[in-house]
Amino acid sequence: MPQRAARALAICKAIHGQGMQFGIGSKGSLGNAILDLYAKCGDVNYAEKAFSWLEGRDILAWNSLISMYSRQVSIQKVKWHFRLLKRHGLVPNEFTYSLVFSACARTTDIDFGKQVHCDLVKVGLELSSFCEGSTIDMYASCDCLLDARRIFDGVLEPDTVSWTAMIAGYIRGNLPEEALEVFEKVKKAGHEPDEVAFVTVISAYIGAGNLEGGRELFSQMPNPNVVAWNVMISGHAQRGYEVEALHFFEKMRKFGIKSTRSTLGSILSAIAALGATDCGLLVHAEAIKQGLSSSVYVRSSLISMYAKCGRMEAAMKVFYALEEKNLVLWNAILGGFAQNGYASEVMELFTQMKRCGFQPDEYTYTSILSACACLQYVEVGQQLHCTIIKNRLTSNLFVGNALVDMYAKSGDLEESRKQFECLKSRDKVSWNAIIVGYVQGEKENEAFKMFQRMNLTGIAADEAALASIFSACANTQALDQGKQVHGLAVKSGLELSLYAGSSLIDMYAKCGDIGAALLVLLHMPKRSVASMNAMIAGYAKDNLEQAINMLGQIDDMGMRPNDITYSSILDACNGVQGLILGTQIHCCVLKSGIWYYEDFLGVSLLRMYMNSESTPDACILFSEFLSPKSVVLWTALISGYTQNDCNEEALKAFREMRRHNAPLDQATFVSILKACSILSSLRDGRQVHPLIFHSCFDSDELTNVALLDMYAKCGDVKSSVQVFNEMTSKTGAISWNSMIVGFAKNGFAENALRIYDTMKQSNVVPDDITFLGVLTACSHAGMVVEGRNIYGEMVNHYRIQPRVDHNACMVDLLGRWGFLEEAVAFIDKLKSKPDAMIWTTLLGACRLHGDEIRGKLAAEKLIESEPQNSAPYVLLSHIYATLGNWQEVNSLRRKMKEKGVKKLPGCSWITVGNKTNLFVAGDQSLPRAGEVYALLKNLTSLTKKAGYTKAENLLDGV
């Protein structure tokens, strides 16, 4: 309640109390005056009590009560008391009728209005100027313009109220020409519109969205008062014309008009939308000079302005400067922190607010639920939900929308949908919350269904809905659906707006139609960093040079690249050239002053150095990140090490991460288990296993798959099977594939086929990896018939196009078990040209069976495709040597020397303690090489004594 009304109410209660003591508080003029003051202060409870105690209620008392209900838009109570006063034998006067017409106008209750109009005619008050104006206003407000105009034309001398009501009605009905015609008649009739008429008509123009008409009329106003200026400022600010609102504010100050609370509230709203902090500081200073800074309305507007400009420190200063705070201020500061993503601070402030004795309202809960969504505090959100139910706020649309959003962002899409369906009425925010939730939860099909349902209910999609659906199309590569939504966006005129337009560009770019993406960008009237970023990300995948050109255009347009801009380019940098460009981008980031020590840009920089095989630079960068480092940064480092075959360093980084008590997530476990697999370090893998249980990732499918794969690659098939059997979720093919491949690689072909059969019985559809594993198992076990059948099943039943490795498996299966003729026939029937993998497989099979003719053919094809590969020379020489063809062996040796082909030495390793020791054939650089070779010499001597003869090294010295 405003301070003046509160003071007036307090005085009224004091007078009323004194009057009651003297026995006159409910009599005559004093009783009427007390009732009227209660009514004007909006205190319904005291007004109704005063009315019930009043002795000899006259028409003035009834008017006071009806006036209060009319202002509160309680049309039912207005109707009830109007009928009641007539039952008491009182005759309504012109003021009574005017109040009832006003209530009907506010609620557009034309039926009751017409009944009262008939009653007005019966009592002969229809020609009262007071009633004429209110009657015209009622009909005009209810869009009955013909009836309003009929009454208006019948008035002999229309007053300002009549003129204004008629003009406002035409403007609301989107008939500006008729409104101007009436306005011109006012002038011709010699009636100079007063300030009230001007302001009313200007307000009507602005309210109908006709800003141009409002500006024209405002320019005709002789000396606009502060109310007229406020209408122009607030009207432009509310409709997205913030710059024009600022211009009006500046003009108002030049004319020497002092600002009111409404002025400052409206202009601060415009400044907040523009993010113009400097202008906000000037307005704040003016508020202090004029003594308006203590107003709750101005204070809350200042807090909102600073919050939307990202200046939460300034917002907090404004908040704490007032000793007495009310719920409005608490809601403003909570909303500010929530909008800026400071979820933890929102929760702390909420606790403070409750300690101060304030009870949350619907706006409070909206902010708190938003914070819970950001922090994914679903349990806290559920507790708040219970409180909301107890306080009977579930029917409030703002609260309902916040609940839908909170559950969706916390990952509980089922509960989010339940809350959405419980909403009695839905606005665009409701639909957007559930659609965005489905898109973020990777349930794109559900998002499409909800978007379609929203359109069928007649709610037009706004920018947020279109942007979300474009993202869903991009995620699922649904270009055709994206084009359909694009057509819908064109119809609604939103396809070139900044937010939806940027998402549209991103959709086309991710779906591979870069030409369409560029076309959208070129047609956008105004470009933002977001739209340019979407284009850069699209180009970066295949045309890095063009992406760099787009980065230059951002600078040319006077915009500043952000972390997403640089990250898009960094993600495309790899190799030597990528390192040069990536380093330059790193320098640009440093010069721009962008904070890159956090996850998003920091990970992109780290990944760039790792992808460019510049591990030392990545380590230096990682050391520069502030401590404590996030799990994302640690995981990026470990993953990068594994990617660059620095698996020992990956294990060291993991141990260091544990020493720093950094939390572990799914990606961390997958990366470190991969390192253990590559090193065949069963000991380290077993140490990771209990950490998975302690971190509650034992039910995560991807983590279990990585664990299963590690055990299988380290040869511990028993543990691999145990992990597989204990998995609670095996919905995807990936889990089954890992077990099949694990069995196949370790020689358990029958087990692999059994798992394959169980997989099909579990209604899990096999994919290309499944068949690769099964074919490998058949090849190792000599199951030629089964292999042929499974290959046919893959092609004919599951319609999977065989890859090179599938074909190589079939060649290996046939060749290894002596079906060399069939293997060659299989190669000849291939639709694509056989590559090195297939010829290597055939050559290996020819070596096994001593097939010189087919072996020579395979070797020639392999040498043709990979001239520097030593494998064909080595394998073919083994074939010749086995057949005793030493002339061909020497010929191959000469060819290798002439072409500079070198055989890579073999290697093996063993883990002792925490260290893995690598041994390479002929390597003399080992720390204890002397001891190793001495032991090897003794072992060789012992084997000779046992009757073992060393095989001749056919390519010794090559």
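This passage describes the empty spaces, the salt bridges and some surface residues of a predicted model.

The search for enclosed space covered the whole structure and returned 1 cavity of 30 Å³ or more. The largest cavity holds about 40 Å³ of space. Its lining is formed by Ser627, Pro628, Lys629, Trp634, His660 and Ala662. By residue type, this lining of the largest cavity comprises 3 nonpolar, 2 polar and 1 charged.

Open space was examined as well. For the largest pocket, the volume is about 980 Å³. A total of 36 residues line the largest pocket, and those nearest its centre are Lys308, Gly335, Gln339, Thr366 and Ser367. Two or more lining residues are given by each of helix H16 (261–274), helix H18 (296–308), helix H20 (327–339), helix H22 (362–375), helix H24 (397–409) and helix H26 (428–440). Of these elements, H18 provides the largest share of the lining, 8 residues. In the lining of the largest pocket, 19 residues are nonpolar, 14 are polar and 3 are charged.

Charged side chains were considered next. Side chains of opposite charge can pair when their charged atoms come close. With a salt bridge taken as a side-chain nitrogen of Lys or Arg within 4 Å of a carboxyl oxygen of Asp or Glu, the model contains 23 salt bridges. Two of the pairs described here are each held within a single helix. Asp147 and Arg150 form a salt bridge with an N to O distance of 2.7 Å. Both residues belong to helix H9 (residues 145–154), where a spacing of 3 residues places them about one turn of the helix apart. Asp147 is partly exposed, at a relative accessible area of 23%, whereas Arg150 is exposed, at 56%. In helix H42 (residues 701–713), Lys713 and Asp709 are 4 residues apart, again about one turn of the helix. Their side chains meet in a salt bridge of 3.1 Å, N to O. Asp709 is partly exposed, with 22% relative accessibility.

A further salt bridge joins Glu822 and Arg788, with the closest N and O atoms 2.8 Å apart. Glu822 is part of helix H49 (residues 820–829) and Arg788 is part of helix H47 (residues 784–797), so this pair ties together parts that lie 34 residues apart in sequence. Both residues of the pair are partly exposed: relative accessibility is 30% for Glu822 and 31% for Arg788. Salt bridges also occur as a network, which links Arg417, Glu421, Arg426, Glu446, Lys449 and Arg453.

On the surface, Ile11, Ile15, Phe22, Ile24 and Leu30 make a nonpolar patch of about 480 Å². Within this group, Phe22 is located in the loop between helix H1 (3–21) and helix H2 (28–41). Phe22 has a relative accessible area of 63% and is therefore exposed, the cut-off for this class being over 50%.

Thr882 is another exposed residue, with a relative accessible area of 64%. This residue lies in helix H52 (residues 871–883). Between Thr882 and Phe654 there are 49 Å in space, C-alpha to C-alpha, and the two are 228 residues apart in sequence.

Note on methods: Residues numbered from 1 in each chain as written. Predicted model: local features only at pLDDT ≥ 70, side-chain atom pairs only at ≥ 80, totals over all residues. Heavy atoms only, no water. Patch = residues over 30% accessible without salt bridge, like charges linked within 9 Å, V, L, I, M, F, W, Y side chains within 5 Å. Areas by Shrake-Rupley, 256 points an atom, 1.4 Å probe, with all protein chains shown as cover. Buried < 20%, exposed > 50% of the residue type's maximum accessible area, 1.4 Å probe, protein only. 1 Å grid on protein atoms, 1.4 Å probe; cavity = no way out; pocket = protein on both sides within 12 Å on 5 of 7 lines; lining within 4 Å. Points joined across faces, edges and corners; volume = space filled by probe spheres on them. Nonpolar A, V, L, I, M, F, W, Y, C, P; charged D, E, K, R; others polar.
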